Amino acid sequence: MAVVDAPSARPSRPPAPPAARPDRTADGVPRRSVGRLPAQVSGKTLATGPLDPTLRRRASVPPGDAARRDVFVDAVRALATLAVLSVHWLMPEATWDGERLGIGNALSHGGAWTLTWVLQVLPLLFFAAGASAAYQLWRGTGAGADGAAPVPTARRQGVVAAGWDVVRRRLPRIWRPVAAFVGTWTVAVLVLPALGVPEGAVQQVARIAPQLLWFLGVYLLLLAVTPALLRAYRAWGGRLVALVVAAPLLVDALRFGAGVDQVAVVNVLLGWAVPYVLGIAYVDLVRRDALPSRRALWLTAAASLAAMAGLVTAGPYPLSLIGMPGDAISNLGPPTALAVTHAVLQVSVALAVRAVVVRWAGGRGATLVTWVAARSMTLYLWHLTAMFVVIGVVLLGLGSALPEAWSADWWASRPLWFGAAALVLGALAAVFGRFEAPAVRTADSAAARSAEPGGRAGYAAVSSEGRAPSTAAGAASRPARARAAAPAGP
């Protein structure tokens, strides 16, 4: 969320009532700006389209700091985070014989691999990350262009320096919760054995919990190349998307067709760049009011699903989209052609049901989306820890065995299992969520005055380029007279 400056001087007189000012709405916004959203076409020309219904002002910020956000992106991130929790909480098969903790995967049995095609939603997290970065960094080039962000562009300072600037601005929202997570686990490894918890079990669990950090490493790398991706997208448009999708497929052809196994490691970045770039493209399409039709999206999803079926039939790819015991390779380590095709499938389906998601996120799901969005990093980092706490209480504390996977007892215990894990995770989020909260920045007195009656509260907030905050390309304000402060992380 950007910290912004409002106009430096108050109006010499309060605005007339709406009835006396037909050119303005009751909120004091120029009528010509309502329901219309300037949009940039490929970074060069401007087009005008209807204000997308997914863009709404954030209710959690003060009126003078209001910004528009894409409800769809927020909802995708929240739902994907919950899906990640769910699939991981379905996995554990754990046994304790008094000396050794045995850990298996319940999804490795029978047709449970089908759940990974639905609940393995990391592509949607990267899609949301790419869209969020694009909303924050996209810079208009003409008068009235929307969504200018106070982050230096690659054109002005070079892609390397611009990339580092993007990462530097996001790091405070990342390193603080990660440092709290790593520090707590370091202390736990030392303290728990002293409290009587078997040291072997502690060591084994401590090796698994931090494995989630790989996501943040890839995310930072993608953030670093975002200015370069934006420049390339402006120049090439859809051709960049085609190139990004083709690149990891070519790597797989070299890996499995030509036997060049060493190239597989580059897909750690290239594979996840696919949904990330799709997120960037989504922002451009929203800005131009040019999203594909639902029919085209469903056809793309069907073609992707057929391609996945062909890959698992003819290729070396295992059925599960999550690494399973006994599989020769994992479709996620690094991402394979199957995972890339799955990413296209998931993004296509998400966009096809976008209107439904937006209605839900703006209504009954608003509270859930807001709650998860405020602590998504914390939930992601600590959800395995919560699961291990429940396992430890059952196996070591109560001395009971976990039910056999997919048995009647297993199904009957799932509500209690998920409820217990959710309670523990909620407690962890209450303790560690404070490390994820952004630093509070105070706007100047002019911004405070803009929230007063007659100050057009909620519309005076502008970016450093004199336009509405760029979280979702809103453009309902006049040019600012003073330069804005640097933005906090989203």
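**Entry 1: Serine 132**

I started with serine 132, which counts as buried because its relative accessibility is 11%, and buried here means under 20%. I then looked up where serine 132 sits, and found it in helix 3, which covers residues 122-137. I also checked serine 132 against arginine 69: they are 63 residues apart in sequence, yet their C-alpha atoms lie 9.4 Å apart in space.

**Entry 2: The model as a whole**

A reminder to myself and to you, reader: this is a predicted model. I noted an average pLDDT of 76 for the protein, with 71% of the residues scoring at least 70. Over residues 1-14 the pLDDT is below 50, and this stretch has 47 contacts in the model beyond near neighbours in sequence. I found another such stretch at residues 439-490, where pLDDT stays under 50. For residues 439-490 the model has 155 contacts beyond four places in sequence. I keep a general caution beside these entries: where pLDDT is low, the predicted coordinates should not be read in detail.

Next I looked up the overall make-up. The protein has 17 helices and six strands. Of its 490 residues, 50% are buried. I also looked at contacts between residues at least 6 apart in sequence, and 72% of them join residues at least 24 apart.

**Entry 3: Salt bridges**

How many salt bridges does the structure hold? I found two, and I took them in turn.

One joins the side chains of arginine 77 and aspartate 74, at 3.5 Å from N to O. Arginine 77 and aspartate 74 are three residues apart in helix 1, so about one helical turn separates them. I checked their surroundings too, and both arginine 77 and aspartate 74 are buried.

In the other, the side chains of arginine 288 and aspartate 284 meet at 3.1 Å, N to O. Is arginine 288 buried or partly exposed? Arginine 288 counts as partly exposed, because its relative accessibility is 29%. Aspartate 284 is buried, since its relative accessible area is 1%.

**Entry 4: Backbone oddities**

I kept a general rule in mind for this page: most residues other than glycine have a negative phi, and most peptide bonds are trans.

With that in hand, I went to aspartate 289. Its phi is near 50 degrees, a positive value in a residue other than glycine. Aspartate 289 is placed in the loop between helix 10 and helix 11. At 45% relative accessibility, I wrote aspartate 289 down as partly exposed.

Tryptophan 406 also has a positive phi, near 70 degrees, and it is not a glycine. I located tryptophan 406 in the loop between helix 15 and helix 16, the latter being residues 408-432. Tryptophan 406 is partly exposed, as its relative accessible area is 24%.

Which residues does a cis peptide bond join? I found glycine 333 and proline 334, with omega at about -5 degrees. Proline 334 lies in the loop that runs between helix 11 (294-314) and helix 12 (337-352).

**Entry 5: The second largest pocket**

I looked up the second largest pocket and noted a volume of about 860 Å³. It is lined by 32 residues, and those closest to its centre are His88, Met91, Gln211, Ile322 and Gly323.

Which element gives the most to the lining of this second largest pocket? Helix 15 does, with five residues. I also listed the elements that each supply at least two residues of that lining: helix 1 (71-90), strand 6 (101-105), helix 10 (267-287) and helix 15 (376-397).

Then I sorted the lining of the second largest pocket by class. I got 24 nonpolar residues, eight polar ones and no charged ones.

**Entry 6: Alanine 242**

My last stop was alanine 242, in helix 9, which spans residues 238-257. Alanine 242 is partly exposed, because its relative accessible area is 46%, and partly exposed covers the range between 20% and 50%. I then paired alanine 242 with valine 274: the two are 32 residues apart in sequence and 9.3 Å apart in space, taken from C-alpha to C-alpha.

Terms used
Residues are numbered from 1 along each chain as its sequence is written. This is a predicted model: local features need pLDDT of at least 70, side-chain atom pairs count only at pLDDT 80 or more; totals for chains, interfaces and linings use all residues. Side-chain values use heavy atoms; hydrogens and water are left out. On a 1 Å grid over the protein atoms alone, a cavity is a set of points where a 1.4 Å probe fits but cannot get out, and a pocket is an open set with protein on both sides within 12 Å along at least five of seven lines; lining residues have an atom within 4 Å of a point. Grid points are joined across faces, edges and corners, and a volume is the space filled by probe spheres set on the points. Helices (H or I, at least four residues) and strands (E, at least two) are DSSP runs, numbered from the N terminus. Ala, Val, Leu, Ile, Met, Phe, Trp, Tyr, Cys and Pro count as nonpolar, Asp, Glu, Lys and Arg as charged, and the others, Gly among them, as polar. pLDDT is the predictor's confidence in each residue, from 0 to 100. Contact means heavy atoms within 4.5 Å. Buried means under 20% relative accessible area, exposed over 50%, partly exposed in between (1.4 Å probe, protein chains only). A salt bridge is a side-chain nitrogen of Lys or Arg within 4 Å of a carboxyl oxygen of Asp or Glu.
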